[in-house]
Amino acid sequence: MDPFGPTTSNIGGAQTLERSIKMTNQKIAIIGGGIIGSTVAYYLATCEKWRDFDVTLFDDGTGQATKAAAGIISPWLSKRRNQRWYRLARMGADVVKQIALETRMDVSTYHQSGTIITRDSMERIDELIALAIERKQMAPLMGTIQKLSADTVNELIPMVTNHYPGVFVSGGAWIDGKRYRERLLRIAEQRNLHSKKQKVTLTKEKIKKYSKIIICTGAWMQKTLAPLQYNLNVRPQKGELITLRLKHPVAKSPMPVLMPEGERDFIPIDNQHIIIGATHENDQGFDLQPSSEVINDLLASAQRLMPTITTQNIEEVRIGTRAYTDDFAPFFGYLPNLDNVLIGGGLGSSGLTTGPMIAKLLAAEVIDPNYPDWDAYTKPIETYLN
């Protein structure tokens with residue numbers, strides 16, 4: 001049985017459904033409205049059994065990583081050795097595209113523009129090509145794989161003065177986290193979701209009021225779980241990115257996103273705006289103030305690709321707080337000794353890719369509980385608990 005479909009309506013379009021339809025009173029709480037929480041809410045609102053669920057999402061929004069995030073969805077050429085992470089990321093890229101199509105996301109929210117990854121020599125490019133060909137067997141979304149000269153990279157992204165060759169993967173995309181979550185929550189609110197902008201202090205008495213609780217509060221999860229006597233090993237990581245506005249738009253649009261050798265990610269969102277970043281700041285705790293030193297570092301990275309850029313081109317600074325684990329891997333599953341409480345987090349900088357797949361697995365467990373074996377995707381939850 002497929003717990004997700006088919007959906008009962010074209011909810012991704014303009015149609016608004018009446019809330020007067022009688023629902024079975026399975027009360028579901030989602031605590032945290034970032035990439036995991038918003039995607040779980042979407043799945044619970046669009047599955048066949050959506051009338052069975054009365055869903056409440058609690059989130060005060062402070063420092064949320066997803067609201068500040070924009071990132072590249074292109075995990076296939078990662079050199080990370082963690083196979084659980086790679087499975088989540090590979091399947092997450094598919095999930096994000098599927099959701100984007102189902103909900104008719106515009107190109108300012110999700111755009112399959114293709115990805116270019118550059119290296120400093122053709123020998124290293126050949127290594128990437130070999131890896132791409134190998135991994136495409138299990139990842140058809142990768143699409144076309146093409147070796148690019150440095151001149152061709154410049155032709156595809158005209159504002160860049162680049163001196164390195166690259167690999168082009170046509171299935172790569174970029175996503176705006178804030179617009180993504182807002183789109184999914186609007187859809188879910190048409191059916192069975194109630195959103196509350198507030199913090200939640202959990203007690204065992206409160207937990208008993210819900211059929212299922214999904215906790216996905218990111219870097220704040222340790223604090224969320226503390227009243228239940230759980231000590232979670234997560235730490236905050238500050239991330240900053242900047243949006244640049246060109247004085248003179250380039251003629252070419254759309255353009256691929258760029259993962260340049262030795263530099264920050266480079267995301268042309270249209271022919272006049274580019275996102276640079278994001279950073280990975282491990283010693284700033286939950287600080288949400290912009291750092292002039294970090295902004296200058298991001299700008300310097302952009303200037304090495306576009307020498308004419310100055311501080312006057314900075315249009316926006318976004319800041320959020322990610323959650324990291326000691327082994328840099330995401331986690332999800334049931335809390336020990338609480339058979340109605342699921343958690344998911346520790347996404348790090350790959351959250352826009354891995355988060356939706358984790359959400360799909362958690363939502364499936366709410367829709368059709370079967371206590372699955374998740375070992376292919378994550379270590380046991382106990383690994384991350386003291």
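1. In which hand does helix 1 pass helix 3 at their crossing? Helix 1 passes helix 3 in a left-handed crossing. The model discussed here is a predicted one.

2. Two packed helices are described by the angle between their axes and the distance between the axes. For helix 1 and helix 3 (residues 83-102), the angle is about 55° and the axes lie 13 Å apart. Helix 1 is therefore oblique to helix 3.

3. The contact with helix 3 involves Thr39, Tyr42 and Tyr43 on the side of helix 1, which meet Val95, Ile99 and Glu102 in helix 3. By character, these residues divide into 4 nonpolar, 1 polar and 1 charged.

4. Helix 1 (residues 35-46) also packs against helix 6 (residues 177-189), at an angle of about 30° and with the axes 8 Å apart. Because angles under 35 degrees count as roughly parallel, helix 1 is described as roughly parallel to helix 6. The crossing of these two helices is left-handed.

5. In the contact with helix 6, residues of helix 1 including Ile35, Ala41 and Ala45 meet residues of helix 6, among them Tyr180, Leu184 and Ile187. The residues of this contact comprise 9 nonpolar, 3 polar and 1 charged.

6. The largest nonpolar core has 66 residues, and Ile36, Val40, Leu44, Leu77, Ile214 and Leu362 touch the most other members. Leaving aside residues up to four places away in sequence, Leu362 touches Ile36, Val40 and Ile214, as well as others including Phe332 and Trp374. Apart from the largest core lies another, of 24 residues, with Ile116, Ile157, Leu244 and Met306 among them.

Note on methods:
Residues numbered from 1 in each chain as written. Predicted model: local features only at pLDDT ≥ 70, side-chain atom pairs only at ≥ 80, totals over all residues. Heavy atoms only, no water. Core = buried A, V, L, I, M, F, W, Y, C linked by side-chain atoms within 4.5 Å. Buried < 20%, exposed > 50% of the residue type's maximum accessible area, 1.4 Å probe, protein only. Contact = heavy atoms within 4.5 Å. Axes fitted to C-alpha atoms, helices over the stretch in contact; angles between N-to-C directions. Helix = DSSP H or I, 4+ residues; strand = E, 2+ residues; numbered from the N terminus. Parallel < 35°, antiparallel > 145°, perpendicular 65-115°, else oblique. Left-handed = near helix turned anticlockwise from the far one by under 90°. Nonpolar A, V, L, I, M, F, W, Y, C, P; charged D, E, K, R; others polar.
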